[in-house]
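Reader: I'm new to this structure and would like a close look at a single part, with the surroundings filled in afterwards. Could you walk me through it slowly?

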Amino acid sequence: MKAFVIGNAAIDETVSVEDFPRPGASIFGRALSQDLGGKGVNQAVAIARTGLACHLVAAVGQDPRGREIAARLAAEPVMAQLIALPGVATDNSIILMAGHGENAVITTRAAAGAMTPDHASVALDKAASGDLLVLQGNLGAATTAAALQAARARGMRTVLNPSPLQAYVADLWPLIDCAFLNEDEAAILGGDARLLSHGVAEVVLTIGARGAALVRPDARIEVPATPCTVVDTTGAGDCFMAVALASAALRGVALDARALRHAAVAAAWTVGQAGTVSAFPDADRMRAILAKG
Ligand code: ATP
């Protein structure tokens with residue numbers, strides 16, 4: 001089984017602040033890290049580091065930031081195909097890490113938003129029945145729908161992490177087998193029951209330091225978070241999702257409690273380090289995590 005991630009690629013600039021600024025305020029911050037990021041890249045790199053074969057398709061601009069993303073991805077085990085679009089600025093994210101442990105993220109999406117339905121369906125040319133399609137909320141509505149339809153036509157399993165949340169996801173649930181939601185997304189979308197009623201077969205809810213739950217129409221499995229010292233929570237949800245999916249895929253089983261435990265350990269490692277992709281467990285550490293019970 002292989003995974004195909006179609007999503008965004010960005011450079012993440014993380015700044016620590018005492019608290020989020022009020023409208024109109026100017027505040028001081030401390031530069032924490034500059035790292036490879038973007039939810040598509042995050043999830044693809046984390047999957048690839050587990051040893052599961054993973055293709056990433058993402059768009060960048062023809063600019064220094066796009067070249068930096070390409071160089072950094074070349075050092076990862078992911079099979080990355082970057083579409084370099086003329087006249088488009090490569091995406092970046094400004095991440096504010098507040099002293100109370102929460103973060104706020106502003107992501108530009110000129111490059112991700114310029115990916116077309118054709119890019120999405122061509123991205124799945126090498127996909128086969130049973131492979132995973134992993135999507136997030138950065139692509140446009142038509143491109144996201146085209147990717148899901150192409151995946152369904154090939155008999156792939158479709159997974160959506162609807163972040164950033166866009167209104168169009170409401171129309172996509174019938175095309176989605178599995179959804180990963182954090183607490184805010186679950187509240188806005190009406191919770192797991194609503195998604196299950198629209199045909200999503202399983203929903204994974206993550207609730208930060210309080211852990212995660214896997215919900216199916218007939219079962220609910222809860223797994224606690226792994227205690228850790230919080231340094232930077234950026235990418236915790238992406239790492240969690242990637243490792244849960246890969247743990248199950250590598251064992252040839254459906255998502256289970258063990259997959260969620262592996263994901264919780266990997267996400268806690270990420271929370272304990274500054275940065276995004278560079279905060280994820282490396283391939284050796286991933287192997288050790290996946291060997292646990
Ligand atoms: P982010 O946007 O920060 O990447 P998210 O909002 O998508 O994250 P969360 O629910 O905050 O997702 O976190 C995902 C998982 O990461 C949690 O289920 C948990 O396993 C782990 N995690 C997050 N915060 C902590 C923490 N403070 N301590 C330990 N584990 C954590």
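**The hairpin and what lies around it**

Author: Let's start at a turn. The hairpin of β6 and β7 has four residues between its strands, and there G101 takes a positive phi near 95°. Keep in mind that this is a predicted model. The protein chain averages a pLDDT of 96, and 100% of the residues score at least 70. For the complex, the predictor gives an ipTM of 0.98 and a pTM of 0.95.

Now follow the two arms of that hairpin. Strand β6 covers residues 91–98, and β7 covers residues 103–107. They pair in the antiparallel sense over five bridges. If you want a spot to look at, find I94, whose bridge partner in β7 is I106.

β6 has another partner, too. Strand β2, residues 10–17, pairs with β6 in the parallel sense, over eight bridges. Here I11 stands opposite N92 in β6. Going on from β2, you reach β3, and these two pair in the antiparallel sense over seven bridges. T14 stands opposite S33 in β3, which gives you a marker for that pairing.

Put those pairings together and you have an open sheet of four strands, in the order β3-β2-β6-β7, with mixed pairing. Which strands sit at the edges? They are β3 (30–37) and β7, each pairing on one side only. From one strand to the next, the twist averages 20°. So much for the strands; there is a helix here as well. Helix α2, residues 64–74, lies across β2, β3 and β6, and runs at about 95° to β2.

Next, the other sheet. This open sheet has nine strands, again with mixed pairing, and the order is β5-β4-β1-β8-β9-β10-β11-β12-β13. At its edges stand β5 (79–85) and β13 (219–223); each has a single partner strand, so one side of each is left without a neighbour in the sheet. Neighbouring strands here are turned by 15° against each other on average, ignoring direction.

For a closer look at one pairing in it, take strand β1 (residues 3–8) and strand β4 (residues 54–61): they run parallel and are joined by six bridges. A3 stands opposite C54 in β4. Helix α1, residues 39–50, lies across β1, β4 and β8 (132–135), running at about 155° to β1. Helix α5, residues 141–153, lies across β1, β8 and β9 (157–160), and its run is at about 170° to β8.

From α1 you can step across to α8. Their axes come within 8 Å and cross at roughly 35°, and α1 passes α8 in a right-handed crossing. On the α1 side, the contact is made by K39, N42, Q43, A46, I47 and T50, while the α8 residues include D238, C239, M241 and A242. By class, that contact has nine nonpolar, three polar and two charged residues.

α8 also packs against α9, at an angle of about 150° with the axes 8 Å apart. This crossing is right-handed. Among the residues that meet here are A236, C239, F240 and V243 in α8, and R258, A259, L260 and H262 in α9. Sorted by class, the contact of α8 with α9 has 13 nonpolar, three polar and one charged residues. Notice that C239 of α8 turns up in the contact with α1 and in the contact with α9.

One more step takes you from α9 to helix α10, residues 283–290: the axes come within 9 Å and cross at roughly 145°. That crossing is right-handed. H262, V265, A266 and W269 of α9 make the contact with R285, M286, I289 and L290 of α10. Those residues divide into six nonpolar, one polar and one charged.

Finally, the ligand brings α8 and α9 back into view. α8 (236–251) and α9 (257–271) each supply at least two residues of the shell around the ligand. How many residues surround the ligand, and which are the closest? There are 23, and the closest are N182, T206, G208, G237 and A267. The shell divides into twelve nonpolar, ten polar and one charged residues. One of the closest residues, A267, is also among the α9 residues that meet α8.

Methods. Residues are numbered from 1 along each chain as its sequence is written. This is a predicted model: local features need pLDDT of at least 70, side-chain atom pairs count only at pLDDT 80 or more; totals for chains, interfaces and linings use all residues. A residue is near a molecule or strand if its C-beta atom, placed from the backbone, lies within 6 Å of it. Ala, Val, Leu, Ile, Met, Phe, Trp, Tyr, Cys and Pro count as nonpolar, Asp, Glu, Lys and Arg as charged, and the others, Gly among them, as polar. Two strands pair if DSSP finds at least two bridges between them. Axes are lines fitted to C-alpha atoms, for helices over the stretch in contact, and angles run from 0 to 180 degrees between N-to-C directions. Two residues are in contact if their C-beta atoms, placed from the backbone, lie within 7 Å. A crossing is left-handed if the near helix is turned anticlockwise from the far one by less than a right angle, and right-handed if clockwise. pLDDT is the predictor's confidence in each residue, from 0 to 100.
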